[in-house]
Amino acid sequence: MAKSYDGRALRIGRVLGRTPAYTRFAVTYRSGRLTISGVMNVPTGSGPFPVLVLCHGYIDPAVYTTGRGLKREQDYLARRGYVVLHTDYRNHAGSDDDPVADVDLRLGYTEDAINAVEAVRRSTLPYLDRGRVGLLGRSMGGGVVLNALVVRPDLVDAAVVFAPVSSNAADNFERWIRRDPSRRGLARRIIAAHGSPERAPAFWRAASPVTYLGRVRAPLLMHHGTADQTCPPRWSRATYAALRERGKDVTLHAYPGEGHAFGAAWALAMRRTVAFLDRLLA
């Protein structure tokens, strides 16, 4: 929250693909001292078009390739008239490296998402409507979106999350870091740097978006399957309840029997997403 954000220099690179509905480009932009890679789907036509910055869920950076994650959403939203900028985050694909990203709870990914929006706002590309920008994320990327909404309350005009992680940072640390035998070394480094949730509760509260949900201003749409075995549905219910208690504009849709990735109900969730975005960004 104390940082200044100077996302800038959104650059269009080579064409990655074409369809009758949109063209897919490689892109880069600046996030602080780092260059971040990504992809952008630009609808066919003169525009300007509203813009959505997409934040993907966790994929091991060692196997991640540019634009991977949210492929269905990238295609669907571009076909419905949205420019879709999918950020890779630092340490992914062609982005610059940040050696402390994991120890700092990947909060750098939030900086990259915020700076992606700022780069759009500062861009002179004629097909971008800089006055109509939203965020969409799933799983870990849903947590990135929640972070961005509390760090910069006026950042975007609308936001959507699918099956997000907990808005309590300690929940995520326990589930994916401390309980994973393969990440014991990382858990030790995080505790050495910041303290454990038991011994340094103030730090963990300060690193959790739930602490600051009163700052949220953008309307938020949430989707979560009731059979999600990765991100427990109770996490979204808790975030939703906390936002409602603070009088925020939030809607939560639960999908009976749907898992983390969404199957049969994905089409319904996307129809609801586009209706929500069209109302706020169209």
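Which residues of helix 4 (residues 169-178) are buried? In this predicted model, they are Ala 169, Ala 170, Asn 172, Phe 173, Glu 174 and Ile 177.

## Helix 4 and its surroundings

The buried residues of helix 4 pack against three other helices, namely helix 5 (184-194), helix 6 (201-206) and helix 7 (233-245). The N-terminal end of helix 4 is capped by Asn 168, which places a side-chain oxygen 3.0 Å from the backbone nitrogen of Ala 170. Helix 4 also contributes Arg 178 to a salt bridge with Glu 198, a residue of the loop between helix 5 and helix 6. The closest N and O atoms of Glu 198 and Arg 178 are 2.5 Å apart, and the two residues are separated by 20 residues along the chain. Glu 198 is exposed, at 55% relative accessibility, whereas Arg 178 is partly exposed, with a relative accessible area of 27%.

## Nonpolar cores

In soluble globular proteins, nonpolar side chains tend to be buried together. Here the largest nonpolar core has 47 residues, and those with the most contacts inside it are Leu 10, Met 40, Leu 135 and Leu 220. Helix 3 (residues 140-151) supplies the largest share of this core, eight residues. Apart from it lies another core, of 24 residues, which includes Leu 54, Leu 70, Tyr 82 and Ala 269.

Leu 10, from the largest core, touches residues from several stretches of the sequence, among them Val 27, Tyr 29, Met 40, Leu 85, Val 120 and Leu 128.

## Salt bridges

Side chains of opposite charge can pair when their charged atoms come close. The structure has 15 salt bridges, three of which are set out below.

| Pair | Closest N to O distance |
|---|---|
| Arg 90 and Asp 98 | 2.8 Å |
| Asp 157 and Arg 121 | 3.8 Å |
| Glu 198 and Arg 178 | 2.5 Å |

Both Arg 90 and Asp 98 are buried. These two residues also belong to a network of salt bridges with shared partners, in which they are joined with Lys 3, Glu 111 and Asp 112.

The pair of Asp 157 and Arg 121 links distant parts of the chain, 36 residues apart: Asp 157 is in the loop between helix 3 and strand 7 (158-162), and Arg 121 is in helix 2. Asp 157 is partly exposed at 28% relative accessibility, and Arg 121 is likewise partly exposed, with a relative accessible area of 23%.

## The loop between strand 5 and helix 2

What does the buried residue Asp 88 have in place of a salt bridge? Its side chain makes a polar contact with the side chain of Ser 37, at 2.5 Å. The nearest side chain of opposite charge, that of Arg 24, is 7.8 Å away, and Asp 88 has no salt bridge. Asp 88 lies in the loop between strand 5 (83-87) and helix 2 (107-122). Beyond its neighbours within four places in sequence, Asp 88 is in contact with residues including Ile 36, Ser 37, His 56, Tyr 64 and Ala 93.

Tyr 89 is found in the loop between strand 5 and helix 2. Tyr 89 has a positive phi of about 75° although it is not a glycine, and it is buried at 0% relative accessibility.

Arg 106 also has its place in the loop between strand 5 and helix 2. Arg 106 is buried, with a relative accessible area of 18%. Leaving aside neighbours within four places in sequence, Arg 106 is in contact with Tyr 58, Ala 101, Met 140 and Arg 183.

## Other backbone features

The peptide bond from Gly 47 to Pro 48 is cis, with omega near 0°. Pro 48 belongs to the loop between strand 3 (34-43) and strand 4 (49-55).

Leu 70 has a positive phi, near 60°, in a residue other than glycine. Its place is the loop between strand 4 and helix 1 (71-79), where Leu 70 is buried with a relative accessible area of 5%.

## Cysteines

How many disulfides does a search of the whole structure find? The search finds zero. Cys 55 forms no such bond because its sulfur is 15 Å from the closest cysteine sulfur, in Cys 231, which is too far. Cys 55 is buried, with a relative accessible area of 0%, and Cys 231 is buried, with a relative accessible area of 0%.

Definitions and conventions
Residues are numbered from 1 along each chain as its sequence is written. This is a predicted model: local features need pLDDT of at least 70, side-chain atom pairs count only at pLDDT 80 or more; totals for chains, interfaces and linings use all residues. Side-chain values use heavy atoms; hydrogens and water are left out. A disulfide is a pair of cysteine sulfur atoms within 2.5 Å. Buried means under 20% relative accessible area, exposed over 50%, partly exposed in between (1.4 Å probe, protein chains only). Helices (H or I, at least four residues) and strands (E, at least two) are DSSP runs, numbered from the N terminus. Lys and Arg count as positive and Asp and Glu as negative; His and the chain ends are not counted. A salt bridge is a side-chain nitrogen of Lys or Arg within 4 Å of a carboxyl oxygen of Asp or Glu. A polar contact is a pair of N or O atoms within 3.5 Å; within protein, one must be able to donate a hydrogen and the other to accept it, and residues adjacent in sequence count only if both atoms are side-chain atoms. Contact means heavy atoms within 4.5 Å. A nonpolar core is a set of buried Ala, Val, Leu, Ile, Met, Phe, Trp, Tyr and Cys residues joined through side-chain atoms within 4.5 Å.
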